[in-house]
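This report describes a single protein chain, moving from one backbone detail to the charged pairs and then to the fold and its packing.

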Amino acid sequence: QFVCCRMAGGTTLIGVGSLVSEASARESFTFTNFRIGQIRGWRRAFSQASWVNVANGWGAAESHDVAALAMVPAEPDVVSRVALLDVDADGLTGFYERETGSRIVSTSFRRLNDAGGVEEAGEALDHVRCLRK
C-alpha cells in the first residue's frame, strides 16, 4: 500500500510532536537521516485524547493526563514544519507500534535549501486523527 514511500534504504516518516526532537525520537525507534521539512494541507491538533498514551504509561486517566498530538486536515495553503526520519523495516514496525491509535497515511513533503529552493521532495508516512475528505 505504501510502495511510493519506500526508498532503497527504507521508508521516510513524518514527526510532528515529540518526534520533532531527534533525541526524543531515538527513544522510540531506530532511524537515520533526521532533518526538518514541510508538509502542506495538514496542521497540528493538540489535546487529542489518546488511550495509547495511558496504555503505554505516558499518561494517566485518573489525572486526565491523556492528551496527544496529531495532524488533522487543513486548507491546502497551510504549511507545517515537521521532522523527516528514514527507517528500515524494524524502525517502521516501531513507528506503527508507537502510533497504534492513529491512522497512517502517505503525505507529500519537501525540504528547502538556504536559498528557499526545493532540495528534496517525496512521500512520507504520517500519523493523523482524521481523514481528508
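## Strand 3 and the charged network

Asparagine 33 has its place in strand 3, which spans residues 32–40. In this predicted model, the phi angle of asparagine 33 is near 55°, a positive value in a residue other than glycine. Most residues other than glycine have a negative phi. Asparagine 33 counts as partly exposed, with a relative accessibility of 43%.

Strand 3 also carries arginine 35, whose partner glutamate 120 lies in strand 8 (residues 118–128), so that this pair ties together parts that are 85 residues apart in sequence. Both members of the pair are covered: glutamate 120 is buried at a relative accessible area of 19%, just as arginine 35 counts as buried at 7%. Side chains of opposite charge can pair when their charged atoms come close. The structure holds five salt bridges, and the table gives some of them.

| Acidic residue | Basic residue | Closest N and O atoms |
|---|---|---|
| Glutamate 120 | Arginine 35 | 2.9 Å |
| Glutamate 119 | Arginine 111 | 3.3 Å |
| Glutamate 120 | Arginine 111 | 2.9 Å |

Through shared partners, salt bridges join Arg35, Asp86, Arg111, Glu119 and Glu120 into one network. Within this network, glutamate 119 is partly exposed, with a relative accessible area of 48%, whereas glutamate 120 is buried.

## Fold and packing

The chain contains three helices and eight strands, and from the N terminus on these elements follow the order β-β-α-β-β-α-β-β-α-β-β. Of the contacts between residues at least 6 apart in sequence, 73% join residues at least 24 apart. Buried residues account for 41% of the 133 residues, while the accessible surface comes to about 7400 Å², of which 51% belongs to carbon and sulfur atoms.

Which elements give two or more residues to the largest nonpolar core? That core has twelve residues, including Leu13, Phe29, Phe31, Leu85, Phe95 and Leu125, and the elements in question are strand 6 (79–87) and helix 3 (89–98). The largest share, three residues, comes from strand 6. A second, separate core of eleven residues includes Trp42, Met71, Phe109 and Ala124. In soluble globular proteins, nonpolar side chains tend to be buried together.

Strand 6 is also a pairing partner of strand 2, the two running antiparallel and being joined by five bridges. Glycine 15 stands opposite alanine 83 in strand 6, and alanine 83 belongs to the largest nonpolar core. Strand 2 (residues 10–15) is itself mostly covered, with six of its six residues buried.

How values were computed:
Residues are numbered from 1 along each chain as its sequence is written. This is a predicted model: local features need pLDDT of at least 70, side-chain atom pairs count only at pLDDT 80 or more; totals for chains, interfaces and linings use all residues. Side-chain values use heavy atoms; hydrogens and water are left out. Helices (H or I, at least four residues) and strands (E, at least two) are DSSP runs, numbered from the N terminus. Buried means under 20% relative accessible area, exposed over 50%, partly exposed in between (1.4 Å probe, protein chains only). Contact means heavy atoms within 4.5 Å. Accessible areas come from the Shrake-Rupley method with a 1.4 Å probe; for residues, only the protein chains shown count as cover. A nonpolar core is a set of buried Ala, Val, Leu, Ile, Met, Phe, Trp, Tyr and Cys residues joined through side-chain atoms within 4.5 Å. Two strands pair if DSSP finds at least two bridges between them. A salt bridge is a side-chain nitrogen of Lys or Arg within 4 Å of a carboxyl oxygen of Asp or Glu.
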